[in-house]
Amino acid sequence: LHLHRADPKRPIWVEDESRKIGWVRLPDPIWHAMQAAPIAFLDIPRELRVDNLIRDYGQFDQTLLAEAITRLHKQLGGLDTRLAIEALEQSDYAKVCDITLRYYDKTYLYGLSRRDQTTVVTIPTVLQTPESIAKLLIEHRQELLSRIAGQQTEG
């Protein structure tokens with residue numbers, strides 16, 4: 001990580017993740033800072049998210065994708081794992097994404113529901129490129145910073 005080079009007076013934007021990302025565990029100070037930070041929830045229509053996932057993952061070797069789906073067996077359940085693998089074998093990437101998104105969305109929304117809702121800013125969008133999303137986040141920066149200020153005055 002290159003966080004030690006970051007200007008501590010400027011905000012750092014990170015994706016809201018769980019404590020563990022794959023096999024990597026986030027260091028406690030980073031995890032606690034993420035939990036205390038306001039959240040910009042980008043509410044993107046499911047169809048657009050599926051299209052984006054197909055662009056990002058559709059080029060991967062099917063064997064690697066099948067292994068990744070199989071690792072989610074416990075979380076997806078037997079039926080959804082089998083359906084996702086079958087869809088993958090038929091190159092039906094939209095169905096694979098739909099099945100796996102049900103798990104990821106449920107997990108993410110559960111985590112989000114456990115957060116202080118006064119720190120969550122929901123931003124509806126159909127934007128897809130990293131550049132357009134970055135501009136949108138910057139447009140909402142002041143609202144997010146006011147959430148930080150609100151937390152500091154309450155504590």
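Here is a chat between a colleague and a modeller about how the labels on this predicted model are earned.

Colleague: Let's start with the overall picture. What is the order of helices and strands along the protein chain?

Modeller: From the N terminus on, the elements run β-β-α-β-α-α-α-α-α-β-α-α. That gives eight helices and four strands. The C-alpha atoms fill a box of roughly 55 × 30 × 30 Å along the principal axes.

Colleague: Now to single residues. Why is aspartate 80 called buried?

Modeller: Buried means under 20% relative accessible area. Aspartate 80 has 19%, so it counts as buried. Its place is in helix H5. Leaving aside its neighbours within four places in sequence, aspartate 80 is in contact with Ile99 and Arg102.

Colleague: And how much of the protein chain counts as buried?

Modeller: Of its 155 residues, 25% do.

Colleague: On to ring pairs. What makes phenylalanine 41 and tyrosine 108 an aromatic pair, and how do you know whether they are stacked or edge-to-face?

Modeller: Two rings pair if their centres lie within 6.5 Å, and planes under 30 degrees apart count as stacked. Here the centres are 6.2 Å apart and the planes make an angle of 15°, and that makes the pair a stacked one. The pair links distant parts of the chain: phenylalanine 41 sits in strand E3, tyrosine 108 in helix H6, and 67 residues separate them. A search of the whole structure finds three aromatic pairs.

Colleague: Are those two rings buried or partly exposed, and how do you know?

Modeller: Take phenylalanine 41: its relative accessibility is 18%, so it counts as buried. Tyrosine 108 has 29%, so it counts as partly exposed. The cut-off for buried is under 20%, and partly exposed runs from there up to 50%.

Colleague: Next, the inside. Which residues touch the most other members of the largest nonpolar core?

Modeller: Of its 13 residues, those are Ile69, Leu76, Leu88 and Val96. Helix H3, helix H5 and helix H6 each supply at least two residues of this core. Not counting residues up to four places away in sequence, Leu76 touches Ile69, Thr81, Ile99, Thr100 and Tyr103.

Colleague: Why is Leu76 said to touch those residues?

Modeller: Contact means heavy atoms within 4.5 Å, so each residue on that list has a heavy atom within that distance of one in Leu76.

Colleague: What about a second core?

Modeller: A separate one of seven residues includes Val121, Ile133, Leu137 and Leu144. In soluble globular proteins, nonpolar side chains tend to be buried together.

Methods: Residues numbered from 1 in each chain as written. Predicted model: local features only at pLDDT ≥ 70, side-chain atom pairs only at ≥ 80, totals over all residues. Heavy atoms only, no water. Core = buried A, V, L, I, M, F, W, Y, C linked by side-chain atoms within 4.5 Å. Buried < 20%, exposed > 50% of the residue type's maximum accessible area, 1.4 Å probe, protein only. Phe/Tyr/Trp six-rings, centres within 6.5 Å; stacked < 30°, edge-to-face > 60°.
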